[in-house]
Amino acid sequence: MHFKKILGTAVALAVASTFALTGCGEDSKTLVRMSHSQIETHPDHIGLVAFKNYVESKLPEKYEVQIFPNATLGANEKVLELIKQGSVQYLVVSTANIEAFDPIYSLFSMPYLFTSEAAFEKFILDGKIMEQLGVNSDKNGFYPVAAFTAGSRNFYAKTPIRTVADLSGKKFRVQAGPTNVAMMNAFGGAATPMSFGEVYSALQQSVIDGAENNELALTDQKHGEVCKYYTYDMHQMVPDLLVVSKKFYDGLSADDKAVFDQAAAEAEKAEFEAWDKAVQDAKKTAEGMGVEFITVDVNEFRNKVLPLHEELLNATPALRPLYEEANKANQAQ
């Protein structure tokens, strides 16, 4: 039996076993499963702990919230299918991983959509934006209910990236999605989509020359052990979204929905509060690992990929209203 098949069976069994813990009797609690792909010190996890604490403090007799970190239930694309089925209730997932379900989420993969992190945060914390992102929830099988910041995405590699030319011909891991592949090609590099958990070994074995992510990847995933150069080109600001199974959420009473909605707000607040400290700690730790942080001319990188904006808007016209809102957020800062 192939390893992937064994792993898939193990994931299915893990999810099935959690069903056995969900009570059916009058006095039993409903088990709420929350999945994410980060370690337990990551701000995403801290946000979910705040969610769990809020729900269990308000409805202690009705719900037990279990958090599954480290992609325990499988890669995000796999868990999205479980979310649609209602066998997992909540997932923290990058918008890049949702593009395959709904191209509206490709907005955030558009390089240099935002001119500052302040504009990015203003945009993703706007409840009206969340409603627009969830316009196809009936078809997708999930609602976006909170946004987590993931800072800016930057290149890191085994060799220094000081100019766009330094990307030429290099193989970089990007998140799955056609927009990310188009961006990497525009930079002159070779896009290599793969799941987050495979990146460390791919870097070690020189399957790829580098990757792109925020600073926490250097330490949480130990990528800084292999890549000693981190370049602040700030090509993307891609949020993690907390999404809820439509099947689960629609089955809640109005009172319970109010509790779960507030829990999502508490998670968002806790994740944002944890983020800045986590980045500073990661930079300090990475420097101790021998990582050099490089500042570059961001405009050189931006100008290389700006033509992608119109291409992407023409390909997906539904993005244009959100794109215009993003420009307003940029101008307000």
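Start with the enclosed space: the count comes to one cavity of 30 Å³ or more. Keep in mind throughout that this is a predicted model.

**Stop 1: the cavity**

Select Met110, Pro111, Tyr112, Leu113 and Phe114, then add Met234, His235, Gln236 and Met237; these residues line the largest cavity. The space inside is about 30 Å³.

Stay on one of the lining residues, Met234. Methionine 234 sits in strand β9. Check its backbone: phi is positive, about 55 degrees, although the residue is not a glycine. Is methionine 234 buried or partly exposed? Its relative accessibility is 28%, so it counts as partly exposed.

**Stop 2: along β9 to threonine 231**

Now show all of strand β9, residues 229-236, and pick out threonine 231 within it. This residue is buried, because its relative accessible area is 0% and the cut-off for buried is under 20%. Which residues does threonine 231 touch, not counting those up to four places away in sequence? They are Asn154, Phe155, Ile161, Ile294 and Val296. Zoom in on isoleucine 161: its backbone oxygen lies 2.7 Å from a polar atom of the threonine 231 side chain.

**Stop 3: the nonpolar cores**

Next, select Ile98, Phe114, Phe123 and Phe187. These have the most contacts inside the largest nonpolar core, which has 56 residues. A second, separate core has 23 residues, and Val32, Leu48, Leu242 and Val244 are among them. In soluble globular proteins, nonpolar side chains tend to be buried together.

Center on phenylalanine 187. Leaving aside neighbours within four places in sequence, its contacts include Tyr112, Phe155, Val164 and Leu167. Add His235, Phe301, Lys304 and Val305 to complete the set of contacts for phenylalanine 187. Two of these names have come up before: Tyr112 and His235 also line the largest cavity.

**Stop 4: the second largest pocket**

Move to the second largest pocket, which holds about 320 Å³ of space. It is lined by 16 residues; select Gly127, Met130, Pro144, Val145 and Ala146 for those closest to its centre. Which elements give two or more residues to this lining? Color α5 (127-133), β4 (142-148) and α11 (254-288) to see them.

**Stop 5: two loop residues**

Go to leucine 319, in the loop between α13 (308-315) and α14 (320-331). Although this is a loop position, leucine 319 counts as buried, because its relative accessibility is 0%. Show the residues it touches, not counting those up to four places away in sequence: Pro103, Ile104, Ser106, Leu107, Met110, Leu312 and Leu313. For a distance check, draw a line from the C-alpha atom of leucine 319 to that of valine 296; the two are separated by 30 Å, and lie 23 residues apart along the chain.

Then jump to asparagine 70, in the loop between β2 (63-68) and α3 (76-85). Asparagine 70 is partly exposed, with a relative accessible area of 40%. Its phi is near 55 degrees, a positive value in a residue other than glycine.

**Last stop: confidence**

Color by pLDDT. The mean for the protein is 92, and 92% of its residues reach 70 or more. Now select residues 1-14, where pLDDT stays under 50 and the model has six contacts beyond four places in sequence. Select residues 16-26 as well: pLDDT again stays under 50 there, with 13 contacts beyond four places in sequence. Where pLDDT is low, the predicted coordinates should not be read in detail.

Definitions and conventions: Residues are numbered from 1 along each chain as its sequence is written. This is a predicted model: local features need pLDDT of at least 70, side-chain atom pairs count only at pLDDT 80 or more; totals for chains, interfaces and linings use all residues. Side-chain values use heavy atoms; hydrogens and water are left out. A nonpolar core is a set of buried Ala, Val, Leu, Ile, Met, Phe, Trp, Tyr and Cys residues joined through side-chain atoms within 4.5 Å. Buried means under 20% relative accessible area, exposed over 50%, partly exposed in between (1.4 Å probe, protein chains only). Contact means heavy atoms within 4.5 Å. pLDDT is the predictor's confidence in each residue, from 0 to 100. Helices (H or I, at least four residues) and strands (E, at least two) are DSSP runs, numbered from the N terminus. A polar contact is a pair of N or O atoms within 3.5 Å; within protein, one must be able to donate a hydrogen and the other to accept it, and residues adjacent in sequence count only if both atoms are side-chain atoms. On a 1 Å grid over the protein atoms alone, a cavity is a set of points where a 1.4 Å probe fits but cannot get out, and a pocket is an open set with protein on both sides within 12 Å along at least five of seven lines; lining residues have an atom within 4 Å of a point. Grid points are joined across faces, edges and corners, and a volume is the space filled by probe spheres set on the points.
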